[in-house]
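Colleague: Please take a close look at the side-chain contacts in this model. I would like to know which partners meet, where they sit and how far each is covered.

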Amino acid sequence: MSIQITTLKVLAGQPGGRATHADVTRSVAILMSSGADWSDRMKRLAARAPDLSIFSSGYVIRDDSGWQITDAGRAFLTSIEAPTCETTVIEPEIVQPVLAAEPNLLTNVVRITDLADRRRRREAA
């Protein structure tokens with residue numbers, strides 16, 4: 001089923017929504033082998049339309065010059081790509097306060113704050 005949705009996507013991206021059978025086949029092959037991201041996305045979309053038949057549903061028409069997506073096909077594609085209205089509850093993460101520990105400084109490192117305190121004490125004396 002994800003091949004049919006990929007076909008719809010290919011046709012929707014063509015000028016006038018039309019392409020030759022060879023162009024559709026080549027584009028679908030490229031997309032289907034392009035990696036897990038595309039395959040996973042098409043599987044998710046196909047799950048929204050498990051009994052899809054793009055030709056018998058009238059989403060794509062075939063003639064001697066190639067295939068063309070119909071207005072119904074574009075509307076169908078838009079409908080399955082629309083985000084679902086699922087409500088997801090996200091539990092807030094409990095953040096534990098972290099106490100700042102005194103950094104372990106090397107003995108030859110002078111803290112700037114200590115130096116400023118020394119200057120103030122020297123000037124006050």
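Modeller: The chain has 5 helices and 3 strands, where helices (H or I, at least four residues) and strands (E, at least two) are DSSP runs, numbered from the N terminus. Their order along the sequence is α-β-α-α-β-β-α-α. The model is predicted, with local features requiring pLDDT of at least 70 and side-chain atom pairs pLDDT 80 or more, while totals for chains, interfaces and linings use all residues. Residues are numbered from 1 along each chain as its sequence is written, and side-chain values use heavy atoms, without hydrogens and water.

Of the 125 residues in the chain, 23% are counted as buried (buried is under 20% relative accessible area, exposed over 50%, partly exposed in between; 1.4 Å probe, protein chains only).

I take the charged contacts to begin with. The whole structure contains 4 salt bridges (a side-chain nitrogen of Lys or Arg within 4 Å of a carboxyl oxygen of Asp or Glu). One of them joins D63 to R18, with 3.0 Å between the closest N and O atoms. Since D63 belongs to strand β2 and R18 to strand β1 (residues 18–19), this bridge ties together parts of the chain that are 45 residues apart in sequence. Both ends of the bridge can be placed by their cover: D63 is partly exposed at 38% relative accessibility, and R18 is partly exposed with a relative accessible area of 29%.

The bridge between R26 and D23 is of a local kind. Their side chains meet at 2.3 Å, N to O. R26 and D23 are about one helical turn from each other because they stand 3 residues apart in helix α2 (residues 21–32). R26 is partly exposed, at 47% relative accessibility, and D23 is partly exposed as well, at 31%.

D23 also serves as a reference point for the helix that precedes it in a backbone distance. Its C-alpha atom is 9.2 Å from that of V10, although the two residues are 13 apart along the chain. V10 is part of helix α1 (residues 2–12), and its relative accessible area of 6% is why it counts as buried.

The remaining bridge to describe in detail runs from R41 to E81, where the closest N and O atoms are 3.5 Å apart. R41 is in helix α3 and E81 in helix α4, so this contact ties together parts 40 residues apart in sequence. R41 has a relative accessible area of 33% and is therefore partly exposed; E81, at 30% relative accessibility, is also partly exposed. The pair is not isolated, since K9 joins R41 and E81 in a network of salt bridges.

Helix α3 also carries W38. This tryptophan is at 15% relative accessibility and so counts as buried. Its C-alpha atom lies 9.9 Å from that of S2, with the two positions 36 residues apart along the chain.

Next come the ring contacts. The structure has 2 aromatic pairs (rings of Phe, Tyr and Trp, its six-membered ring, with centres within 6.5 Å; planes under 30 degrees apart are stacked, over 60 edge-to-face, the rest tilted). F55 and W67 make an edge-to-face pair, at 5.1 Å centre to centre and 80° between the planes. F55 is in the loop between α3 (36–47) and β2 (60–63), W67 is in strand β3 (residues 66–69), and the pair links these distant parts of the chain across 12 residues. F55 is partly exposed at a relative accessible area of 28%, whereas W67 is buried at 14%.

Y59 and F76 make a stacked pair, at 4.6 Å centre to centre and 15° between the planes. Here too the pair links distant parts of the chain: Y59 is in the loop between α3 and β2, and F76, 17 residues away, is in helix α4 (residues 71–81). Both Y59 and F76 are buried.

Finally, the surface charge. R118, R119, R121 and R122 form a positive surface patch (residues with over 30% relative accessible area and no salt bridge, like charges joined within 9 Å, nonpolar side chains within 5 Å). One of its members, R122, lies in helix α5 (residues 112–124) and is exposed, at 60% relative accessibility.

Notes. Areas by Shrake-Rupley, 256 points an atom, 1.4 Å probe, with all protein chains shown as cover. Lys, Arg positive; Asp, Glu negative; His and termini not counted. Charge placed at Lys NZ, Arg CZ, Asp CG, Glu CD.
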